[in-house]
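The following account goes through a protein model step by step, from the overall build of a chain to individual residues. Please keep the structure at hand while reading.

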Amino acid sequence: HYNTEKYHHMRSVSVDLNHDASLLIDIPDALCERDKVKFTVHTKTTLSSFQKPDFSVPRQHEDFIWLHDTLVETEDYAGLIIPPVPPKPDFESPREKMHKLGEGEATMTKEEYTKMKQELEAEYLAVFKKTVQVHEVFLQRLSSHPILSKDRNFQIFLEYDQDLTVRRKNAKEMFGGFFKNMVKSADEVLISGIKEVDDFFEQEKTFLLDYYSKIKDSTAKAEKMTRSHKNIADDYIHISATLNTLSADDSTYRHCGGYYMSSFVFLQKVEGRVASDQELKLTELLRYYMRDIQAAKDLLYRRARALVDYENSNKALDKARLKSRDIPQAEEHQKQCLQKFDKLSESGKKELTSFKGRRVVAFRKNLIEMAELEIKHAKVSSPIQPRDFYTLIHVYNM
Amino acid sequence: QNSNFKENEVLSVTLSVQYLFQLDDDEEEEEEEEEEQEDKFDISISVKDPEKIGTNDMNAFQTPLPMFRNKTFTVRRRFSDFLGLYEKLSEKHGPNGFIVPPPPEKSILGMTKVKVGKEDSSSADFVERRRAALERYLQRIVHHPSLLQDPDVREFLEREELPRAVGTQALSGAGFLKMINKATDAVSKMTIKMNESDVWFEEKLQEVESADQQFRKLHVLVESLVVHRKELSLNTASFAKSTAMLGSAEDNTALSRALSQLAEVEDKMEQLHQDQATNDTFNFAELIADYIRLLGSVRGSFDHRMKAWQRWQDAQAALQKKRETEAKLLWANKPDKLQLVKEEIAEWEVKVTQYERDFDRVTATVRKEVVRFDKEKARNFKREIINYLECLLQSQQQLIKYWEAFLPEAKAIA
């Protein structure tokens, strides 16, 4: 069982969320049962559209996917950036490591094994923290959005006190994931191929396509960096264990054995914290905005589609006029296409502009926090002489 | 006769080894192994008044003998010369129970050579490792009061040109390993039951064997640390590049600048990690490798003592046999053969006494050597680890400066 209460301050990939008292959402609690994570979604609201002012419901990851998909497939929201769906909780890495650890138990000292196990448990916890964070931010993005917060399915998600599984199944049959597949396949080509009439969108298109590929690359590189830090932290565990054995067996090392071990234990802690903070502040930030930019690209795609439809309707109208047949239908169709396109353009412009601001603010917050944490870690270890490592460990643990 | 020094004056000498770029020799087709043996090193010796060298200078050694003609001089030696010196010293002093410090060998024990990074940085690493190892090797020799007296050592340090050492193929790579392993195999194969007065030796041998095990394990771990540190350095560099690209794509001016600054910080981190990898290698991994080699020599000295004991036992057994033969001959009444046997008995009695004395002498030497080794080890190991850790901590301090410089940039984002 995992209580998110004390980790409230950790949520930072998106800022300025959850400040409107009319609808406050958080995930105070989460439970990990084998492969499934059960989130407790807690809502506090002053809106009359809800039955109660304060309530909680249990939700699974699949419920979040269902909600996201229904939003994406709602025609009325075509001009909005739909907040990216939270990724599936992935415990694969720590689980595999735990398995390997179990196999290698015989080859290490009891102390080493205990430390490695502790590290893995911390890793499990970190994955847990991350997944809660990203699911919570998803809901808070919705609740802060003037239009999306009023969505009927969103309300059902928050309020419905039964299992959503049945509803989810029905929804899948209705939409069949059709639209999603379309978006995935052709968007790059369509977006870049279109002749843009609006300067704003032309710039946005260029910017987003370029930025996406760069942020994707940065995310991957940040992940590799974090993994290296973790490897080094693990090495320190094994080294400290070996030094410990050395000092236990050999009379000449005995008087300084504890000292060596504590030094490396300390180093391992610092390295481990650097890795996890970097992960949360930097890697998660990059990952999140990579997905958000994909959502923005999806918006551009929908608008591009609407433009194509409009252009096609123009051609159809010309044809109709040429043939002097079905002109009123063609005119009506063309009018609708134009309306839709204009609506998407207007809404899209607003969304993309606020997206810029949101991104910049989030980067600022996370970069500041990361720098402050790095300084804190380095400061803890530096003014003290190696001789005082014993004291250091106690200080750091406080 | 040296007029520069008074008879009882103790001289302080510093010794350092520098690597010269490989000089071209006459031989055209050299195998890699031979080429390697031709690596050349300069040994600089400088003799100073004892007052001028502080007691903290661990590199300085003292000699009461007026052995050096000049105050400062340099000699040039090939890598094979160092190996040759070791061969001579171990042949002469090993059997007497001395722990002869071993030189670095061709393929360093237990090390996995991982070439991460550019070709030249990896070979520059190797060169520096070798140079430092050779320097430590010589330092150990000259700090050993008995070995310092050896004329081969003095010749090695002083003579203009040394004749090329022959038969050092045995000391490269596999040959060296075989030699070390021979000593250890011999010790483990012997199921000799020695008497109680050797409990000290029994315990010590066990300590040495377990230390050897742990040091080998430690070596593998530290090498793994080096690999991971180098990977971190590479990954940081690549992240820095990526962040710079992201910064240039960013359309918000302040954020763009902050991202470029972040890229610069990460670039500086890469250098820090690279330096750390060097620290890991030279102040940790290399020292562990040294200890593994030394422990091999220590086990070798135990082996020599066992051999001396065995020789004494064998002589006693031979004497006993001769006495039995004598008894038989007395009954058989063969005066000629009896006389021969009596002479042989006398010979063996002398040998038994000699070998017993030898064994006692070797035992005393081994004991003294091991005590000396332990003391040095205890003092040095702690100092070396502290040195290593202090480098790590300095790195952390540098890190603070970089992040503190970045923080205002992050705060300036608007």
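How much accessible surface does chain B have, and what percentage of it belongs to carbon and sulfur atoms? In this predicted model, the accessible surface of chain B amounts to about 21100 Å², and carbon and sulfur atoms hold 51% of that area. Of the 414 residues in chain B, 51% are buried.

The secondary structure of chain B consists of 9 helices and 4 strands. Followed along the sequence, these elements appear in the order β-α-β-β-β-α-α-α-α-α-α-α-α. Contacts within chain B that have a separation of 6 or more can also be sorted by distance along the sequence: 86% of them join residues 24 or more positions apart.

The next topic is the space enclosed by the protein. Cavities of 30 Å³ or more number 8. The largest cavity holds about 330 Å³ of space. Its lining comprises 23 residues, and those nearest the centre are A:His229, A:Glu271, B:His273, B:Gln396 and B:Leu399. Both chains take part in this lining: helices H7 (199–249), H8 (251–323) and H9 (327–381) of chain A each supply at least two residues, as do helices H7 (199–249), H8 and H9 of chain B. The greatest contribution to the lining of the largest cavity is made by H9(B), with 6 residues. Sorted by class, the lining of the largest cavity contains 11 nonpolar, 8 polar and 4 charged residues.

Open space may be treated in the same manner. The second largest pocket has a volume of about 850 Å³. It is lined by 27 residues, of which B:Arg136, B:Arg140, B:Asn380, B:Arg383 and B:Glu384 are the closest to its centre. In chain B, helix H3 (119–143), helix H8 (253–332) and helix H9 (335–411) each provide at least two residues of the lining of this second largest pocket. Here too H9(B) gives the most, this time with 10 residues. The class composition of the lining of the second largest pocket is 9 nonpolar, 7 polar and 11 charged residues.

Where do the two chains meet at the level of a single side chain? One example is B:Asn235, which is found in helix H7 of chain B. With a relative accessibility of 14%, B:Asn235 falls under the 20% limit and therefore counts as buried. Leaving aside residues up to four places away in sequence, B:Asn235 touches A:Lys224, A:Met225 and A:Ser228. Two of these neighbours are reached by polar atoms. The side chain of B:Asn235 makes a polar contact with the side chain of A:Ser228 at 2.9 Å, and it reaches the backbone oxygen of A:Lys224 at 3.4 Å.

Chain A offers an example of a short element that is covered over much of its length. Helix H4 of chain A spans residues 152–159, and 6 of its 8 residues are buried, so the helix is largely enclosed by the rest of the structure. The buried residues of H4(A) are A:Phe154, A:Gln155, A:Ile156, A:Phe157, A:Leu158 and A:Glu159. At the start of H4(A), a side-chain oxygen of A:Asp151 comes to within 2.9 Å of the backbone nitrogen of A:Asn153.

Further along chain A, helix H8 contains A:Lys315. Because its relative accessible area of 56% is over 50%, A:Lys315 is classed as exposed. A:Lys315 and A:Leu139 are separated by 176 residues in sequence and by 42 Å in space, taken from C-alpha to C-alpha.

The account ends with backbone geometry. Most residues other than glycine have a negative phi. What value does phi take at A:Ser324? Although A:Ser324 is not a glycine, its phi is positive, at about 55 degrees. A:Ser324 lies in the loop between H8 and H9 of chain A and is exposed, with a relative accessible area of 58%. A:Asp326 is also placed in the loop between H8 and H9 of chain A. Phi of A:Asp326 is positive as well, near 55 degrees. With a relative accessible area of 47%, A:Asp326 is partly exposed.

Technical notes. Residues are numbered from 1 along each chain as its sequence is written. Chains are lettered from A and ligands numbered from 1 in the order in which they are written. This is a predicted model: local features need pLDDT of at least 70, side-chain atom pairs count only at pLDDT 80 or more; totals for chains, interfaces and linings use all residues. Side-chain values use heavy atoms; hydrogens and water are left out. On a 1 Å grid over the protein atoms alone, a cavity is a set of points where a 1.4 Å probe fits but cannot get out, and a pocket is an open set with protein on both sides within 12 Å along at least five of seven lines; lining residues have an atom within 4 Å of a point. Grid points are joined across faces, edges and corners, and a volume is the space filled by probe spheres set on the points. Ala, Val, Leu, Ile, Met, Phe, Trp, Tyr, Cys and Pro count as nonpolar, Asp, Glu, Lys and Arg as charged, and the others, Gly among them, as polar. Buried means under 20% relative accessible area, exposed over 50%, partly exposed in between (1.4 Å probe, protein chains only). A polar contact is a pair of N or O atoms within 3.5 Å; within protein, one must be able to donate a hydrogen and the other to accept it, and residues adjacent in sequence count only if both atoms are side-chain atoms. Contact means heavy atoms within 4.5 Å. Accessible areas come from the Shrake-Rupley method with a 1.4 Å probe; for residues, only the protein chains shown count as cover.
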